[in-house]
Amino acid sequence: MLAVKGGTENVESAQGASRGRRTIHGTRPVLPDLDSWQQHVGGWFVPAALAELLGSPATPVERLAQSWLATGGKRLRPLLAAGVHAVLSGEGVTDEARAVAVAVECFHKASLAHDDVEDNDRLRYGLPTLHVSHGVPIAINSGDYLIGEGYRLLATLPAPARVRARLLTAAAEGHRALCLGQGEELDFAAAPHPLNTGDYARICKRKTGAVFAVAGMLGAIRTDASEAVCATLTRFGHSVGLAYQIRDDLADVAQPGGGDLGALRPCILLALACESRAPDVAGAL
């Protein structure tokens, strides 16, 4: 899975956020302290750090967008981008990957703002969603602005032009896939019909999986990784996205009203119910 330079089987890794290198012989890398990585990456999303990278927010749009970036979340997608960059570069989690990681989170937070409007969700991270607290027009515009910020960060990276072109292409393809998955979900919600697990997996691959895939790919492309490495990371991202969405569905069903299941939106329990030939199982689901 890893890009091996110079034809050797040495894997260079680093612990925490340091730039020091440690060569580990063999084909399996020693994994770093992910808690330290997550803490370091999380520091990129405090207001002061965002203002340093994106510019001091001077307008209501900029202030709201940066505030939304700093709010909630586990930062799994930027952590994946930074982690992939760290392993392939052998330099640990450094500021070299910061702009890529923040771009990934810009795209993700934009999709959440839009998704909350489309699903009319009222809460996110235990707080009112953007469209509830600021209105639908402002929420949509904030999401659009964050998409622009993500592309701006990638387009202005201090990297060779071909690397920037690969980054922008990967982001655009992932953005397109996300919209296709969300569109299929919206079509289903408008006209519910029997859902099988294959349909469900395809939606997850396009929607949730696309974002994880892009996160890993962007981290790899920043190191000029091969297409083969990026293809592996894409498959990994799709699988992680499916697993993440299944777990989210199981947690969501405990929400008042049954969450996506109660709203007849695509979810794993609805797909299993539609496929089950046992009336008691289907009825329970």
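Before I place any residue, let me say that helices, of at least four residues, and strands, of at least two, are DSSP runs numbered from the N terminus, and with that in hand we can say that arginine 75 is found in the loop between α3 and α4, the latter covering 76–89. Please keep in mind throughout that what you see above is a predicted model.

Let me begin with the chain as a whole. The secondary structure of the protein chain comes to 14 helices and four strands, and of its 285 residues, 44% are buried. If we take the contacts with a separation of 6 or more, 65% of them are between residues 24 or more positions apart. The accessible surface comes to about 13800 Å², and carbon and sulfur atoms account for 58% of that area.

Now let us go inside. Which residues have the most contacts inside the largest nonpolar core? That core has 52 residues, and the ones with the most contacts within it are Trp44, Val102, Leu154, Leu218 and Ala220. Its largest share, eleven residues, comes from helix α5, which spans residues 98–119. If you would like one residue to look at in detail, choose valine 102, which touches Trp44, Phe45, Leu50, Leu53, Leu54 and Leu153, leaving aside residues up to four places away in sequence. There is also a second, separate core of ten residues, and among its members are Phe188, Leu195, Tyr200 and Leu261.

From the cores I turn to helix α3, whose buried residues are Glu62, Leu64, Ala65, Gln66, Trp68 and Leu69. What covers these buried residues includes α2 (47–54), α5, β3, α6 (130–134) and α7.

One residue of that helix deserves a longer look, namely tryptophan 68, and here we come to the aromatic pairs, of which the count is three. In general, a pair of aromatic rings is described by the distance of the centres and the angle of the planes. For tryptophan 68 and tyrosine 125, the ring centres are 5.8 Å apart and the planes stand at 50°, so this pair is tilted. Why can we say that the pair ties together parts that are 57 residues apart in sequence? Tryptophan 68 lies in helix α3 (residues 60–70), whereas tyrosine 125 lies in the loop between β3 (123–124) and β4 (127–128), and therefore the pair links those two parts. The partners also have their own exposure values: tryptophan 68 is buried, at a relative accessible area of 6%, while tyrosine 125 counts as partly exposed, at 32%.

Tryptophan 68 has a charged neighbour as well, since lysine 109 lies over the face of its ring, at 4.9 Å from the ring centre. Elsewhere, the charged end of arginine 77 sits over the ring of tyrosine 244, 5.1 Å from the centre of that ring.

Let me now come back to arginine 75, the residue I opened with. Is arginine 75 buried or exposed? Its relative accessible area is 10%, and because buried means under 20%, arginine 75 is buried. Its side chain makes a polar contact of 2.9 Å with the side chain of glutamate 105, and a polar atom of that same arginine 75 side chain lies 3.4 Å from the backbone oxygen of glycine 72. Not counting residues up to four places away in sequence, arginine 75 touches Phe45, Leu69, Ala70, Glu105 and Lys109.

The backbone is worth a glance here too. Glycine 72, just after α3, takes a positive phi of about 60°, and arginine 75 has a positive phi of about 60° although it is not a glycine. Aspartate 224, another residue other than glycine, has a positive phi near 65°. Aspartate 224 is found in the loop between α10 (208–221) and α11 (227–252), and it is partly exposed, with a relative accessible area of 34%.

I will finish with one more loop residue, proline 160, which is found between α7 (136–155) and α8 (161–190). Proline 160 is partly exposed, at 44% relative accessible area. Although proline 160 and arginine 222 are 62 residues apart along the chain, their C-alpha atoms are separated by 9.6 Å.

Key:
Residues are numbered from 1 along each chain as its sequence is written. This is a predicted model: local features need pLDDT of at least 70, side-chain atom pairs count only at pLDDT 80 or more; totals for chains, interfaces and linings use all residues. Side-chain values use heavy atoms; hydrogens and water are left out. A nonpolar core is a set of buried Ala, Val, Leu, Ile, Met, Phe, Trp, Tyr and Cys residues joined through side-chain atoms within 4.5 Å. Buried means under 20% relative accessible area, exposed over 50%, partly exposed in between (1.4 Å probe, protein chains only). Contact means heavy atoms within 4.5 Å. Rings of Phe, Tyr and Trp (its six-membered ring) pair if their centres lie within 6.5 Å; planes under 30 degrees apart count as stacked, over 60 as edge-to-face and the rest as tilted. A charge sits over a ring if NZ of Lys or CZ of Arg is within 6 Å of the ring centre and within 35 degrees of the ring normal. A polar contact is a pair of N or O atoms within 3.5 Å; within protein, one must be able to donate a hydrogen and the other to accept it, and residues adjacent in sequence count only if both atoms are side-chain atoms. Accessible areas come from the Shrake-Rupley method with a 1.4 Å probe; for residues, only the protein chains shown count as cover.
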